[in-house]
Amino acid sequence: MAIVGVQATDNRIVSFWSNKKYETVNPRLGAGAFGRTLLVRDCDLDLLQVVKVYEPKNFTPEQYARYFQFFKSEVKILHTLNHRNIVRVYAAHFYGDNQNGLVLMEYIQGKTLADYFKDYDVIFDDCNDVFCQLVDAFCYLEKNNVLHRDIRPTNIMID
């Protein structure tokens, strides 16, 4: 189906139609307790993006539903942020019984902070620059009343 525009239903919900195509570049970019990430290429824009898929393993139905609400909250918070050192969310899609979803996000081509310091003889000025950018991002989060509860060197990318 081609992009044909929008249609408002009787209750004024607007629906979009699209045949957006993505090519999988890396099906296992990462994984965690709540799902996995993959690297895709937007075929129309020729742009690499990350897809974060909600796919928890070994959850009870109650846990699955509860943590899906956390997943949606994270997406909503990220979608409202706009800072050069915080990954951008392009779109979110929730489907099925609204207990499944995926998020299209900015792809940061680089290394994790852990690998950056392990792989390079980093000089003091580089450390200082990375530190200042991290502090700037955390100040922005603080001003927006956001508390990030999963900060670790493997979750920070250096490009």
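This passage describes the pairing of strands S4, S5 and S7 and the surroundings of aspartate 42 in a predicted model.

Strand S4, which spans residues 35–42, runs antiparallel to strand S5, residues 47–54, and the two are joined by 8 bridges. One of the positions that can be followed easily by eye is glycine 35, whose bridge partner in S5 is tyrosine 54. Between the two strands of this hairpin lie 4 residues. Within the hairpin, aspartate 46 adopts a positive phi near 50°.

Strand S5 also takes part in a second pairing. Its partner here is strand S7, residues 100–106, again in the antiparallel sense, with 5 bridges between them. Readers wishing to find this pairing in the structure may look at glutamine 49, which stands opposite glutamate 106 of S7.

Turning back to S4, a helpful residue to examine is aspartate 42, which belongs to that strand. Aspartate 42 has a relative accessibility of 1%, and because buried means under 20%, this residue counts as buried. Two polar contacts give a picture of its side chain. The first to consider is with the side chain of lysine 20, at 2.8 Å. In the other, a polar atom of the aspartate 42 side chain lies 2.9 Å from the backbone nitrogen of aspartate 44.

The wider surroundings of aspartate 42 can be described in the same way. When neighbours within four places in sequence are set aside, aspartate 42 is in contact with Lys20, Lys21, Tyr22, Leu47 and Gln49. Lysine 20 is thus found both in this list and as a side-chain polar partner of aspartate 42, while glutamine 49 is also the residue that stands opposite glutamate 106 in S7.

Conventions
Residues are numbered from 1 along each chain as its sequence is written. This is a predicted model: local features need pLDDT of at least 70, side-chain atom pairs count only at pLDDT 80 or more; totals for chains, interfaces and linings use all residues. Side-chain values use heavy atoms; hydrogens and water are left out. Two strands pair if DSSP finds at least two bridges between them. Buried means under 20% relative accessible area, exposed over 50%, partly exposed in between (1.4 Å probe, protein chains only). A polar contact is a pair of N or O atoms within 3.5 Å; within protein, one must be able to donate a hydrogen and the other to accept it, and residues adjacent in sequence count only if both atoms are side-chain atoms. Contact means heavy atoms within 4.5 Å.
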